[in-house]
Structures are given as C-alpha cells and as structure tokens.
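Here are my notes on the model, set out as numbered points so that each can be checked against the coordinates. Please read them with the structure open.

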Amino acid sequence: MIRQGFSLVAVTAGLMVASGVWAETAHSMDDPNIAVSYEEDGRYYTEDDIPTFNISEDGAVDWLTFSGFRRYHSECHVCHGPDGEGSTYAPALKKSALTMDYYDFVDVATNGRQKIGAAENSVMPAFGTNLNVMCYLDDIYVYLKARGMEAVPRGRPAKKAAKSDAIRESENACMGM
Ligand code: HEC
C-alpha cells in the first residue's frame with residue numbers, strides 16, 4: 001500500500017514538472033525566438049534574424065504562415081501528422097519548431113536524420129534536392145512555430161496577408177522560373 005502511494009505521487013509530480021517546463025520555456029509571445037523584431041517585404045524576423053510568424057490585428061496570418069500550411073500538408077504531414085500534431089511514426093513538429101534551433105531544423109530537413117539503433121525503422125528523409133520543400137522551408141518553419149504557439153488553430157488559416165512582390169520574385173528565382 002505504502003509503495004503504491006509513493007509511486008503515484010512520483011508519477012504525478014513528474015507530469016507536473018514536465019508540463020510546467022513546457023509552459024515556461026515555450027509559451028510566451030515575448031520569447032526572443034518568437035517575438036517579431038522587424039518586417040522586410042512581408043517576411044517577419046526576430047531580433048536574431050530568425051524567421052517568425054505574424055498575426056495582424058484583424059486575425060490575418062502573414063503570407064509565409066499561410067504558404068507553410070499548404071507546403072507542410074503536401075510534403076510533411078504524411079509522416080508528421082496533420083497540423084504539425086505528430087504521429088506514432090514521427091515527432092510533433094509544432095513543438096520541434098519552438099524547441100529546436102532554427103539552423104538545426106533546416107539541417108535536419110535538408111540532410112535528413114536516422115536514429116542509430118532505433119528498434120523501429122525511424123527515418124527522416126533528406127529533402128535537400130526537393131525544391132518544393134527547400135524553396136519553402138522558412139514558410140513551413142514559421143507555420144509550425146505559429147502552430148506551436150497555438151497562434152493559428154488547426155486547419156486552413158481563414159485570413160491571410162497578401163503575397164508581396166519580393167516573396168513572389170524570390171520564390172520564382174528559387175524554383176528556377
Ligand atoms: C517519410 C516520413 C517523413 C516525412 C515525409 C517527413 N519526415 Fe521529418 N521526420 C521523420 C521521422 C521518422 C523523424 C524522427 C527521426 C529521428 O528520430 O531521428 C523526423 C524528424 C524530423 C525533424 C526533427 C524533429 C525533432 O524534434 O527532433 C524535423 C525538423 C523534421 N523531421 C522536419 C520535416 C519536414 C519539414 C518535413 C516536410 C518537408 C518532414 N520532416 C517530412 C519522418 C518524416
């Protein structure tokens with residue numbers, strides 16, 4: 001009886017610590033890895049020049065967040081689950097986008113990753129030669145960040161900012177059009 005009591009307390013305390021840490025480290029819009037520091041031709045950046053999302057007062061998401069929603073669902077969701085929620089096969093990228101360094105995120109998407117000695121076959125493919133991913137990686141990244149912050153609900157964003165000429169031009173250049 002005493003033993004059972006102890007282990008229940010331990011498990012509960014563990015859960016509380018786990019959720020407390022998550023809320024503390026990731027759920028503030030003032031986080032320097034989240035907060036918009038400046039805008040450039042319709043793209044938003046943190047003070048460290050890391051891409052981030054923006055939601056305007058009327059609820060419209062920035063163009064990259066909207067584009068990222070579409071690109072994520074055509075290239076990533078088969079493994080990572082709809083809306084960045086994760087699956088039994090691959091992790092929830094809405095969390096990864098908040099906890100991983102931007103450059104590590106880009107590196108894994110570009111070069112792939114395989115867990116060495118994992119019991120199950122767990123492979124993240126390399127997308128480095130897939131222009132439909134590489135030309136839109138920042139879009140996917142900022143969309144997932146917005147999902148991680150629950151700044152956009154699940155599903156297709158209802159309102160979006162217009163696509164700037166600069167974004168259109170850099171996309172075309174990247175895609176070789
Ligand atoms: C064929 C299935 C598959 C597809 C498609 C896929 N992934 Fe993955 N991804 C995985 C698996 C499995 C892992 C976990 C690998 C590991 O544990 O090392 C992973 C891990 C990752 C990670 C590391 C997450 C973390 O928290 O460590 C990132 C980032 C990532 N994927 C990005 C993407 C992006 C972006 C796309 C779409 C362009 C994508 N993945 C499409 C299977 C996939």
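1. Does asparagine 111 count as buried or exposed? The model is a predicted one, and in it asparagine 111 has 12 C-beta neighbours inside 10 Å, so this residue counts as exposed, given that the exposed class takes in residues with 12 or fewer such neighbours. Asparagine 111 belongs to helix H5, and once its neighbours within four places in sequence are left aside, its contacts are with Ala126 and Gly128. Proline 125 lies 14 residues from asparagine 111 in sequence, with a C-alpha to C-alpha distance of 7.4 Å.

2. On the overall architecture, the protein chain contains eight helices and five strands, and their order along the sequence is α-β-β-β-α-α-α-α-β-β-α-α-α. The protein chain has 177 residues, of which 24% are buried. Among the contacts with a separation of 6 or more, 60% join residues that are 24 or more positions apart.

3. Helix H7 deserves a careful look. This helix covers residues 137-148, and its 12 residues should span 16 Å at 1.5 Å a residue, which agrees with the 16 Å between its end C-alpha atoms. Because 10 of the 12 residues are buried, H7 is largely enclosed by the rest of the structure. The buried residues include the charged side chains' owners Asp139, Lys145 and Arg147, alongside Ile140, Tyr141, Val142, Tyr143, Leu144, Ala146 and Gly148.

4. Within H7, leucine 144 illustrates this burial, since 28 other C-beta atoms lie within 10 Å of leucine 144 and the residue is therefore buried. Not counting residues up to four places away in sequence, leucine 144 touches Tyr72, Gly84, Leu93, Lys94 and Ala97. Threonine 52 is 92 residues from leucine 144 in sequence, yet their C-alpha atoms are 9.7 Å apart.

5. Helix H2 can be examined in the same way. Its 13 residues reach 18 Å from the first C-alpha to the last, close to the 18 Å expected at 1.5 Å a residue. The buried residues of H2 are Trp63, Leu64, Thr65, Phe66, Ser67, Gly68, Phe69 and Tyr72, and they pack against strand S2 (43-45), H3, H7 and helix H8 (165-175).

6. How do H2 and H7 meet, and at what angle do their axes cross? The axes of H2 (residues 63-75) and H7 come within 7 Å and cross at roughly 100°, which makes H2 roughly perpendicular to H7. From H2 the contact draws on Leu64, Thr65, Ser67, Gly68, Phe69, Arg71 and Tyr72, while H7 contributes Asp138, Asp139, Ile140, Val142, Tyr143, Leu144 and Ala146. By class, the residues of this contact are eight nonpolar, three polar and three charged.

7. For the ligand, the surroundings comprise 24 residues, of which Cys76, Cys79, Ala90, Ser96 and Met124 come nearest. At least two residues of the shell are supplied by each of helix H3 (77-80), helix H4 (93-99), helix H5 (102-111), strand S4 (113-114) and strand S5 (123-124). The shell divides into 17 nonpolar, four polar and three charged residues.

8. Two backbone positions should be inspected individually. Aspartate 49 has a phi near 65°, a positive value in a residue other than glycine, and this aspartate sits in the loop between S2 and strand S3 (51-52). Aspartate 49 has 10 C-beta neighbours inside 10 Å and so counts as exposed.

9. The second such position is glutamate 150, which is not a glycine but has a positive phi of about 55°. Glutamate 150 follows H7 and lies in the loop between H7 and H8. With 10 other C-beta atoms within 10 Å, glutamate 150 is exposed, whereas leucine 144 in the preceding helix is buried, with 28.

Methods
Residues numbered from 1 in each chain as written. Predicted model: local features only at pLDDT ≥ 70, side-chain atom pairs only at ≥ 80, totals over all residues. Helix = DSSP H or I, 4+ residues; strand = E, 2+ residues; numbered from the N terminus. Expected span 1.5 Å × (residues − 1). Buried ≥ 20, exposed ≤ 12 C-beta atoms within 10 Å, placed from the backbone. Axes fitted to C-alpha atoms, helices over the stretch in contact; angles between N-to-C directions. Parallel < 35°, antiparallel > 145°, perpendicular 65-115°, else oblique. Contact = placed C-beta atoms within 7 Å. Near = placed C-beta within 6 Å.
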